[in-house]
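Biologist: Got a minute to walk me through this one? I'd like to go from the overall fold down to the details.

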Amino acid sequence: MNYLEFVEWGYKPSPDELICLFRVEPSHGFSFDEAVGRVASESSNGTWTEVFVSEEVRKLSAKAYEKTNGYVKIAYPVNLFEPGNMPQILSSIAGNIFGMKAVANLRLEDVYWPPKIVETFKGPKHGINGVRETLKVKNRPLTATVPKPKVGMTPDEHSWAAYEIWVGGVDIVKDDENLTSQRFNRFKERVEKTLRMREKAEGETGERKCYMPNISAETGEMIKRAEAVRDLGGEYVMIDILTCGWASLQTIRERNEELNLILHAHRAFHAAFTRNPKHGMSMKVVAEAARLVGVDQLHVGTVVGKLESPLKDVAALIKILREEKINENMDLKLLNKNWQKLKPVLPVSSGGLHPGLIPEVMKIFGVNVLIQVGGGVLGHPDGVRSGAAAVRQAIEAVSKGISLKEYAVNHKELSRALEKWGYIKPK
Ligand code: CAP
Ligand code: MG
């Protein structure tokens, strides 16, 4: 098989073609071009030995056309893909190729999605504006807290923690990624009791409060749980999109046309394949697929918190989720994008955060962000309600351009949070 038939340096792809940026590290004994030819072949319509290929079939072959510093751009004819089918698209461009013996390492760094693909996906139902309208919060970061310990509490304990979090000042209570419907905390009972506490907290604070129950489960069960949330008066559901899978996310998004819930996407499992800079698939491609399929909020990291999230990655993810058009930026290893009418997605910054880190998070994200603080609220020395208040006070301080230290002089809850955690960056 002559894999170099899938290589044409200098080829000019049409704007209709899907483009992938790969980092390619050939195995010993393979030239860069031979390895690249195999990647383009295996991810489009080639195989390891000669087979009859008609002219029509050859039109579906991918072409490697530009290379710099170990990175290569490969162009894919749009007809290679089934419009609107995310599993099929990723099975092509992020499928067998990672296991090829011809590459020692291979990483799908980014994708340019052509208009004929973008227009076949629904995108977010609510987007950032819809989320803000629901919460009635205009121009400050939204806040969320996961009641910790992450699993083990009963519905009564969970809903009580939620009440304390809401009355302390946090906008949204979020289930943790591994809390679904275990023996000690059945889904429906938790949602009923927590939404009842939400009403109590709204009555006492005069602020809108929301709850994000985690519906992650077999797809049919997820639909039942989403319908239950809608019937109980909830506005949100959370889905662990990577352990649930793209097909199930598309099914929930379809069903959500009528349910009209805000979809919060947790990305647990991503670091299994996004973290290694030499091999796997970047979080950028996950974020792009999530925006296309149509989540309203997505975790993107903190830079300063407990989980690996370098600034360049987070900066690229913020652009992918919030901007409509993006120019190619090789410093961020970002190909150009045109999301057309797809609504923007609210980035979620979470993981090891506490009030002392909020100024840095707001410097990175600005105000269009959902800041999730779990342990940093539940672990406050004066209790949950004080922890929640300290988060809001930290945001107020930044919004007023006042240092936390100064603002803490007249805000006890913030002062006590700084006493306990200072400005530490948890690992
Ligand atoms: C954070 C969290 C989130 C992580 C996920 C946790 O809790 O609930 O799942 O933020 O990581 O379970 O660790 P804390 P990412 O606020 O107590 O750290 O946001 O990077 O996807
Ligand atoms: Mg969690």
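Biologist: Of the contacts with a separation of 6 or more, what share comes from residues 24 or more positions apart?

Modeller: Keep in mind that this is a predicted model. Take the contacts in the protein with a separation of 6 or more, then pick out those between residues 24 or more positions apart. Their share is 75%.

Biologist: Why does the radius of gyration agree with a compact globule?

Modeller: The C-alpha trace spans about 70 × 45 × 35 Å along its principal axes. For 427 residues, a compact globule would come out near 22 Å, so the protein agrees with that, having a radius of gyration of 23 Å.

Biologist: And how much of the protein is buried?

Modeller: Buried here means under 20% relative accessible area. Out of 427 residues, the buried ones make up 57%.

Biologist: Let's zoom in on helices H6 and H16: which hand does their crossing have?

Modeller: H6 covers residues 155-168 and H16 covers residues 384-399. They pack at about 35°, with axes 7 Å apart. The crossing is right-handed.

Biologist: How many residues of that contact are nonpolar?

Modeller: H6 brings Ala161, Tyr163, Glu164, Ile165, Val167 and Gly168, while H16 brings Val384, Arg385, Ala388 and Ala389. Split by type, 2 are charged and 1 is polar, and the nonpolar count is 7.

Biologist: Last one: which residues coordinate the magnesium ion, ligand 2?

Modeller: The coordination runs through an OD and an OE donor, at 1.8 to 2.0 Å. Both residues involved are buried. They are Asp176 and Glu177.

Conventions
Residues are numbered from 1 along each chain as its sequence is written. Chains are lettered from A and ligands numbered from 1 in the order in which they are written. This is a predicted model: local features need pLDDT of at least 70, side-chain atom pairs count only at pLDDT 80 or more; totals for chains, interfaces and linings use all residues. Side-chain values use heavy atoms; hydrogens and water are left out. Donors are N, O and S atoms within 2.8 Å of the metal (3.2 Å for Na, K and Ca); water is not among the atoms, so sites may look incomplete. Buried means under 20% relative accessible area, exposed over 50%, partly exposed in between (1.4 Å probe, protein chains only). Axes are lines fitted to C-alpha atoms, for helices over the stretch in contact, and angles run from 0 to 180 degrees between N-to-C directions. Helices (H or I, at least four residues) and strands (E, at least two) are DSSP runs, numbered from the N terminus. A crossing is left-handed if the near helix is turned anticlockwise from the far one by less than a right angle, and right-handed if clockwise. Contact means heavy atoms within 4.5 Å. Ala, Val, Leu, Ile, Met, Phe, Trp, Tyr, Cys and Pro count as nonpolar, Asp, Glu, Lys and Arg as charged, and the others, Gly among them, as polar. The radius of gyration is taken over C-alpha atoms; the globule rule is 2.2 Å times the number of residues to the power 0.38.
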